[in-house]
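Here are some short exercises to work through with the model open beside you. Try each task before reading its solution.

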Amino acid sequence: DVNDNHGHAVGDRVLIVVSRRLREVVRDEDTVARLGGDEFVLVAHLPDAQRAEGMRIRAERSLAESVVLEQVRIPVRASLGMVVIDTSGYTPARALAAADAAMYAAKRRRKSTLRG
């Protein structure tokens, strides 16, 4: 919708803002990736569920907040899949596949949501 209503240059800028917001939610050892379109995944290396829940809440908030560019408020609609792993049980491919599956669950549920 952003590309159709505001052009591809604005759509690219919105993606940059959303990517930066998600990057601010995670630590250096975690991974945020855009798979395409409005699809993002987050792979977090967290030692406990409480920290994971905090990260999930911050990531969800970052998706809920509109982007303001040149005094125009643009609603963000993106799907984010999150997986929390310990390094002993996951290969990179397995972690990405789990995050991708969570992202598709978010997409089926509704836009601008996180599943994990």
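**Exercise 1. Find what share of the residues of the chain count as buried.**

Step 1: Apply the cut-off: buried means under 20% relative accessible area, with a 1.4 Å probe and protein chains only. Step 2: Of the 116 residues, 37% count as buried.

A note on the source: this is a predicted model, where local features need pLDDT of at least 70 and side-chain atom pairs count only at pLDDT 80 or more, while totals for chains, interfaces and linings use all residues. Residues are numbered from 1 along each chain as its sequence is written, and side-chain values use heavy atoms, leaving out hydrogens and water.

**Exercise 2. List the helices and strands in order.**

Step 1: Take helices (H or I, at least four residues) and strands (E, at least two) as DSSP runs, numbered from the N terminus. Step 2: Count four helices and six strands. Step 3: Read them from the N terminus as α-α-β-β-α-β-β-β-α-β.

**Exercise 3. Work out which residues lie nearest the centre of the largest pocket.**

Step 1: On a 1 Å grid over the protein atoms alone, a pocket is an open set of points where a 1.4 Å probe fits, with protein on both sides within 12 Å along at least five of seven lines; lining residues have an atom within 4 Å of a point. Step 2: The lining has 19 residues, with Asp1, Val2, Asn3, Asp38 and Arg77 nearest the centre. Step 3: Helix H1 (2-6) and helix H2 (8-25) each supply at least two lining residues.

Methods:
Buried means under 20% relative accessible area, exposed over 50%, partly exposed in between (1.4 Å probe, protein chains only).
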